[in-house]
Amino acid sequence: MSRATTSTLLSPEQGGPVKRTVLPSGLRVLSQSVPGFRSVTFGVWVGVGSRDEPVQLSGATHFLEHLLFKGTERRDALEISASLDAVGGEMNAFTGKEYTCYYARVLDSDLPLAVDVICDMITSATLTPADVESERDVIDEEIAMHADETSDHIHDLFAEQLWGPTPLGRSITGTPESVAGLTRRQVIGWYRRRYRPENIVVSVAGNVEHADVVRLVRKAFERHWATGEAEPAPVRKGSGRRLPTYGGVQVHHRDVEQAHLVLGMPGLVRNDERRYVAGVLHGIVGGGMSSRLFQEVREKRGLAYSVFTFGSAYADTGMVGVYAGCLPKKAPEVLEVVRSELSTLAAGGITPDELLRGKGQMRGSVVMGMEDTGAKMTRIAKAELVYGELPTVDEILDRIDAVTLDDVHQLATELYAGTPALTVMGPFDEDTHQFDL
């Protein structure tokens, strides 16, 4: 049988130590030791997200995330939650488009408990018929609650518009119809196919010793899963062809007091070398109170309370967008100002002072965003699962510092010249609205 292999990804001088062990089963264990902390954040990342689902399984990954908290062969739902509550720990999970994460934050002395509970959930969920049916109702409530949060729901509608009938265009939670159609047999099949050691990354940050983490994880997984040999799943890569995107205008009638607008267009893929340029551009356009859109839309004209830029990047596609929430009567003018500012930026209208502010904002967010064990745990997990590299903080700051005014102008020209899509929600007539691109 093959032996586990361990390597050092970052030395203490580089901001570590960050160590990586690959077990014979293909399961990967990463840790970042932070001796000055008394807390530890432990995460199990599974390389499956909603975009992996065929249409007949829409919502299955998120459904499964819920079900793993319902019970295992050793614990019922109350015992799962009470075990960490009893030591003041926190536990949760989330489903993304390309991965699922289960995590806990505990005192360093309680790490063995956190490992045991979460790995027990991952490896031996019972998925009983009663639990499947009761959680189906809970997810229906979650979908309804999300639809009521209009400022959040519009982002799902925009993704659906931009990426159309593709897995990326579908909601992570699925729809009430797709969730109602999922059978227990389908969910169990999805669990068994996707929750495999070679598709899992365990990530830990805090006051830990790597060898202790590996020992705990190995024991927890081998209790239930056969110890066969496999190669770790590779980093998700695109096909080389960008996913198609769709433009145009969609208006969703909703009797609400505030109108919501999202204007967006195709963005960069995840590993594009210009992602640091994109981060600086984001700060300039709509990333803070000094940003161009905040100043023009809110401060100077008083057109909207909230306006900001956002974006997402995946293995084979990406998007950039602007969100604004305003009074319905002001929505057409808000759209006009946003489009005018984006056109100005695309034409080279970024100043050297804005460049400095954008770089400074990104530098600060990078450094301050790594100041707790949860952020460190997430960073090393994503480096392994989706990026395929773990640069030091200094290397990241150097890449930000290297961004030039020409870099930002060129990227703004490319991005903001893309085919736009506009999603609007508010008390507007869907057939006689006054929005156009």
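Two residues are in contact when heavy atoms of theirs lie within 4.5 Å. With that in mind, welcome to this predicted model.

## Two domains

The domain assignment splits the chain into domain 1, residues 5-223, and domain 2, residues 248-426. Taken over C-alpha atoms, the centres of these two domains are 28 Å apart. Domain 1 and domain 2 also touch: 40 residues of domain 1 are in contact with 43 residues of domain 2.

## An open sheet and a helix

Next, have a look at the strands. Strands in a sheet pair through backbone hydrogen bonds, in either a parallel or an antiparallel way. Here, five strands make up an open sheet with mixed pairing, and their order is 8-12-9-11-10. At the edges sit strand 8 (248-253) and strand 10 (306-313), each of which pairs on one side only. On average, neighbouring strands of this sheet are turned by 15° against each other, with direction ignored.

One pairing to trace by eye is that of strand 9 (residues 259-266) with strand 11 (residues 318-326), which runs in the antiparallel sense over eight bridges. To find your place in it, start at Val262, whose bridge partner in strand 11 is Tyr323. Helix 11 (residues 331-346) packs on the sheet, where it touches strand 9, strand 11 and strand 12 (421-426). The direction of helix 11 makes about 25° with that of strand 9.

## Aromatic rings

Now for the side chains. A pair of aromatic rings is described by how far apart the centres are and by the angle of the planes. Searching the whole structure turns up ten aromatic pairs. Two of them are set out here.

| Ring pair | Distance of centres | Angle of planes | Arrangement |
|---|---|---|---|
| Tyr191 and Tyr195 | 5.4 Å | 55° | tilted |
| Phe221 and Trp225 | 5.5 Å | 50° | tilted |

Why is the pair of Tyr191 and Tyr195 called tilted? Planes under 30 degrees apart count as stacked and those over 60 as edge-to-face, with the rest tilted; the planes of Tyr191 and Tyr195 are at 55°, so this pair is tilted. The planes of Phe221 and Trp225 are at 50°, so that pair is tilted as well.

Are these residues buried or exposed? Tyr191 and Tyr195 are both buried, and so are both Phe221 and Trp225. Trp225 has a further neighbour to look for: Arg196 lies over the face of its ring, at 5.6 Å from the ring centre.

Elsewhere in the chain, ring pairs join Trp45, Phe94, Tyr99 and Tyr103 into a cluster.

Definitions and conventions. Residues are numbered from 1 along each chain as its sequence is written. This is a predicted model: local features need pLDDT of at least 70, side-chain atom pairs count only at pLDDT 80 or more; totals for chains, interfaces and linings use all residues. Side-chain values use heavy atoms; hydrogens and water are left out. Rings of Phe, Tyr and Trp (its six-membered ring) pair if their centres lie within 6.5 Å; planes under 30 degrees apart count as stacked, over 60 as edge-to-face and the rest as tilted. Buried means under 20% relative accessible area, exposed over 50%, partly exposed in between (1.4 Å probe, protein chains only). A charge sits over a ring if NZ of Lys or CZ of Arg is within 6 Å of the ring centre and within 35 degrees of the ring normal. Two strands pair if DSSP finds at least two bridges between them. Helices (H or I, at least four residues) and strands (E, at least two) are DSSP runs, numbered from the N terminus. Axes are lines fitted to C-alpha atoms, for helices over the stretch in contact, and angles run from 0 to 180 degrees between N-to-C directions. Domain bounds come from an automatic or database domain assignment.
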